[in-house]
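Work through the exercises below with the model open. Each one gives a task, then a solution in steps.

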Amino acid sequence: MLQQCHWLQSCVESLLILLYQKMHQKCKVENVKRYGGQVIWSEVTMQSRETVARKVQEDTGAVLIHPFNDGRIMSGQGTISLELLEQVPGIDTIVVPISGGGLISGITLAAKAINPSIRIFAAEPKGADDAAQSKVVGRIVTLSETNTIADGLRAFLGDKTWPVVRDLVDDVITVSDEEIIKAMQMFYEILKVAVEPSGAIGLAAVLSDQFKQSEAWKESNKVAIIVSGGNVDLAALWNSLGNNTSTP
Ligand SMILES: Cc1ncc(COP(=O)(O)O)c(C=O)c1O
């Protein structure tokens with residue numbers, strides 16, 4: 001979506017500044033710059049991100065559009081459900097990557113407004129499982145450290161996304177980086193689709209033992225998986241595949 005923002009910016013000639021944490025994938029940042037976006041760096045913590053964002057606003061008068069904790073972003077994400085349920089009737093379960101929860105909040109609100117019995121599962125990396133922990137303890141959990149190949153899924157829930165995740169998301173399925181890499185490999189080898197780790201996690205969740213051993217697995221006849229991003233850093237991909245290829 002970020003690259004589409006920059007494409008839009010190039011059309012309307014307005015200023016668009018993007019804030020990235022230092023560990024973001026090289027290719028994601030390069031693609032943004034290719035469309036003329038200005039990239040400003042923060043450290044790899046939410047606190048640093050928020051401090052830098054405030055400073056940019058003060059210095060430039062820029063308008064902050066939060067990537068997930070914003071009703072406009074959440075409702076925009078809801079259009080995914082509208083299209084999905086219109087184009088593919090009979091879906092009973094949707095599996096969605098989760099980070100700050102904007103994507104899943106919009107999808108959940110729209111899908112459950114159309115069909116309240118639809119099941120929504122969040123897919124989250126084990127190395128950044130704050131949403132799973134939040135659901136267990138009943139409040140927003142933040143982690144001092146995250147460690148996962150899914151670089152887009154390291155944020156924590158916000159005050160607007162948490163109530164939706166708490167009350168309407170049925171469960172969170174957590175998967176290891178190995179499972180994510182295996183799912184990425186399936187996207188490439190079987191579907192011929194370039195998917196980044198954060199985007200492949202939904203497939204990893206559906207193939208996981210946690211899902212297959214759940215009651216929901218038995219009741220799910222038509223499962224939709226949201227595949228949310230294709231910024232693949234090829235060098236990182238080769239490395240991760242090299243460490244995970246099984247020999248016959
Ligand atoms: C590829 C990808 N998928 C899904 C998400 C999850 O988005 P959200 O923060 O709305 O949960 C992100 C977040 O940046 C992402 O980069």
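**Exercise 1. Decide how far H9 is covered, and find what covers it.**

Step 1. Count the buried residues. In this predicted model, 10 of the 11 residues of H9 are buried, so the helix is mostly covered.

Step 2. Name them. The buried set includes Pro197, Ser198, Gly199 and Ala200 at residue numbers 197 to 200. Ile201, Gly202, Leu203, Ala204, Ala205 and Val206 are buried too.

Step 3. Find the packing partners. The buried residues of H9 pack against four strands and two helices: E3 (93-97), E4 (119-125), E5 (171-175) and E6 (223-225), with H8 and H10 (209-212).

**Exercise 2. Work out the strand order of the open sheet and identify its edges.**

Step 1. Read the order. Four strands run E5-E4-E3-E6, and their pairing is parallel.

Step 2. Find the edges. E5 and E6 each have a single partner strand, so one side of each has no neighbour in the sheet.

Step 3. Add the twist. From one strand to the next it averages 25°.

Step 4. Check the pairing of E3 with E4. These strands pair in the parallel sense over 5 bridges. Val96 stands opposite Ala122 in E4, and the bridge partner of Ile94 in E4 is Ile120.

Step 5. Place the helices on the sheet. H5 touches E3 and E4, and its direction makes about 160° with that of E3. H6 (residues 130-137) touches E4 and E5, and its direction makes about 140° with that of E5.

Step 6. Check E4 with E5. This pair is also parallel, over 5 bridges. Phe121 stands opposite Asp171 in E5.

**Exercise 3. Establish whether the faces of E3 are covered or open.**

Step 1. Recall the rule. In a regular strand, side chains alternate between the two faces of the sheet.

Step 2. Sort the residues. Thr93, Val95 and Pro97 lie on one side of E3, with Ile94 and Val96 on the other.

Step 3. Test each side. Every one of these residues is buried, so both faces of E3 are covered. The count for the strand is 5 of 5.

Step 4. Set E5 beside it. E5 is mostly covered, with 4 of its 5 residues buried.

**Exercise 4. Describe the shell around the ligand.**

Step 1. Count the shell. It holds 16 residues, the closest being Ser99, Gly102, Gly152, Ser228 and Gly229.

Step 2. Sort by character. The shell has 6 nonpolar residues, 9 polar and 1 charged.

Step 3. Trace the helices. H5 (102-114) and H9 (197-207) each supply at least two shell residues. The largest share, 3 residues, comes from H5.

**Exercise 5. Compare the span of H8 with its expected value, then look at burial and what follows.**

Step 1. Take the span. H8 (residues 177-191) has 15 residues and reaches 20 Å from its first C-alpha to its last.

Step 2. Compare. At 1.5 Å a residue, 21 Å is expected, and H8 comes close to that.

Step 3. List the buried residues. They are Asp177, Glu179, Ile180, Ile181, Ala183 and Met184.

Step 4. Move past the helix. Lys192 follows H8, and its phi is positive, near 60°.

**Exercise 6. Put the chain as a whole in numbers.**

Step 1. Count the elements. There are 12 helices and 6 strands in the chain.

Step 2. Take the buried fraction. Of the 248 residues, 36% are buried.

Step 3. Take the contacts with a separation of 6 or more. Residues 24 or more positions apart account for 72% of them.

How values were computed
Residues are numbered from 1 along each chain as its sequence is written. This is a predicted model: local features need pLDDT of at least 70, side-chain atom pairs count only at pLDDT 80 or more; totals for chains, interfaces and linings use all residues. The expected span of a helix is 1.5 Å times one less than its number of residues. A residue is buried if 20 or more other C-beta atoms lie within 10 Å of its own, exposed if 12 or fewer, and partly exposed in between; C-beta atoms are placed from the backbone. A residue is near a molecule or strand if its C-beta atom, placed from the backbone, lies within 6 Å of it. Ala, Val, Leu, Ile, Met, Phe, Trp, Tyr, Cys and Pro count as nonpolar, Asp, Glu, Lys and Arg as charged, and the others, Gly among them, as polar. Two residues are in contact if their C-beta atoms, placed from the backbone, lie within 7 Å. Two strands pair if DSSP finds at least two bridges between them. Axes are lines fitted to C-alpha atoms, for helices over the stretch in contact, and angles run from 0 to 180 degrees between N-to-C directions.
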